[in-house]
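User: I would like to learn how to read internal cavities and helix packing in a model. Please take me through both topics in turn.

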Amino acid sequence: MDKFRMLFQHFQSSSESVMNGICLLLAAVTVKLYSSFDFSCPCLARYNALYGLGLLLTPPLALFLCGLLANRQSVVMVEEWRRPTGHRRKDPGVIRYMCSAVLQRALAAPVVWILLALLDGKFFVCAFSSSVDPEKFLDFANMTPSQVQLFLSKVPCKEDELVRDSPARKAVSRYLRCLSQAIGWSVTLLLIVLAFLARCLRPCFDQTVFLQRRYWSNYVDLEQKLFEETCCEQARDFAHRCVLYFFARMRSELRGLRRDRGTEPPEMPEPPEALGGGSGKAHLRAVSSQEQVDHLLSAWYSSKPPLDLRASPGLWGVGLSHRAPAAAPGTRLSQQTHV
């Protein structure tokens with residue numbers, strides 16, 4: 001149980017691990033979808049190529065879009081690219097690094113589908129059966145051009161009466177299937193060589209820029225997560241105080257039915273959580289109206305704080321120290337983060 005908890009905390013704290021897990025899951029789903037897909041070529045000269053290429057390229061496009069939607073960093077990347085500069089400059093290198101990481105993970109499932117389709121060969125045979133050069137096969141010497149085109153369009157349908165048990169059909173199908181598998185294995189080998197070179201040659205170059213971009217890419221993602229967690233905590237605290245204020249006002253109105261109603265609203269009682277709260281809770285409780293909340297969210301979007309803690313020590317204080325000695329052992333991470 002402890003190992004499972006440690007593994008869950010690792011995945012929860014590591015955005016890259018979560019995205020890699022989603023990438024592997026999409027690849028596994030791709031393999032399952034392809035193995036359960038029942039392919040039937042229309043065996044019509046006008047539609048074979050359209051149908052075969054459509055099934056070869058359309059599912060990868062859908063899987064690519066699913067990979068982008070499932071990857072949280074794609075949204076973070078667009079937000080970082082489109083946000084106003086404010087007090088924090090935008091680094092194009094970090095945005096390019098995030099875009100590269102997002103595309104690499106999103107392309108995994110489409111590449112798996114295309115490789116499976118090429119190695120299997122059914123889509124390729126259906127798409128290009130009508131495009132085969134008849135002169136490469138001796139069995140078409142006694143056929144007219146129209147008969148050749150009709151015969152080639154029926155090649156993917158081995159049960160059709162026109163091509164059943166025909167050596168020419170087997171020859172054309174075998175030729176296209178071998179060509180498809182050759183392309184598939186070539187692409188597979190190319191991808192493996194590129195990955196091998198990228199892994200082996202990267203340590204030969206200066207790693208400073210790579211480490212900087214990776215660090216700030218993770219920082220942008222974690223900062224957005226911590227901001228959302230802190231907003232949720234502040235919203236809960238704000239809602240709690242509003243509910244207490246409502247009940248306090250209703251109690252005053254009920255008492256006013258028996259005596260004259262007071263002109264001033266009752267003082268809002270402090271929530272029980274604030275009695276022992278420190279500076280962390282004070283930052284959240286400083287926002288106490290809808291206008292202040294709207295201004296805070298607008299300021300976060302239009303003018304994020306500079307990445308220099310020395311510039312405004314009064315603003316940050318100990319709020320950014322997630323491992324402060326005074327923190328209680330059970331305190332959540334979001335309770336120690338301040339915007």
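User: Which residues line the largest cavity?

Analyst: Please note that this is a predicted model. The lining of the largest cavity consists of Met19, Ile22, Cys23, Leu26, Gly67, Asn71, Arg105 and Ala106. The volume of this cavity is about 50 Å³, and the structure holds 1 cavity of 30 Å³ or more.

User: Which helix gives the most to that lining?

Analyst: Helix α2 does, with 4 residues. Both α2 (15–36) and α5 (92–106) supply at least two residues each. By residue class, the lining comprises 5 nonpolar, 2 polar and 1 charged.

User: How should the packing of α4 and α5 be read, and at what angle do they pack?

Analyst: Two packed helices are described by the angle between their axes together with the distance between those axes. Here, α4 (residues 72–82) packs with α5 at an angle of about 155°, and their axes lie 10 Å apart. Angles over 145 degrees count as roughly antiparallel, and α4 and α5 are therefore roughly antiparallel to each other. Their crossing is left-handed.

User: Which residues make the contact between α4 and α5?

Analyst: On the α4 side they are Gln73, Ser74, Val76, Met77, Glu80 and Trp81. On the α5 side they are Ile95, Met98, Cys99, Ala101, Val102 and Arg105. The residues of this contact divide into 8 nonpolar, 2 polar and 2 charged.

User: Where else does Arg105 appear?

Analyst: Arg105 also belongs to the lining of the largest cavity, in addition to its place in the contact of α5 with α4.

Definitions and conventions:
Residues are numbered from 1 along each chain as its sequence is written. This is a predicted model: local features need pLDDT of at least 70, side-chain atom pairs count only at pLDDT 80 or more; totals for chains, interfaces and linings use all residues. Side-chain values use heavy atoms; hydrogens and water are left out. On a 1 Å grid over the protein atoms alone, a cavity is a set of points where a 1.4 Å probe fits but cannot get out, and a pocket is an open set with protein on both sides within 12 Å along at least five of seven lines; lining residues have an atom within 4 Å of a point. Grid points are joined across faces, edges and corners, and a volume is the space filled by probe spheres set on the points. Ala, Val, Leu, Ile, Met, Phe, Trp, Tyr, Cys and Pro count as nonpolar, Asp, Glu, Lys and Arg as charged, and the others, Gly among them, as polar. Axes are lines fitted to C-alpha atoms, for helices over the stretch in contact, and angles run from 0 to 180 degrees between N-to-C directions. Angles under 35 degrees count as roughly parallel, over 145 as roughly antiparallel, 65 to 115 as roughly perpendicular and the rest as oblique. A crossing is left-handed if the near helix is turned anticlockwise from the far one by less than a right angle, and right-handed if clockwise. Contact means heavy atoms within 4.5 Å.
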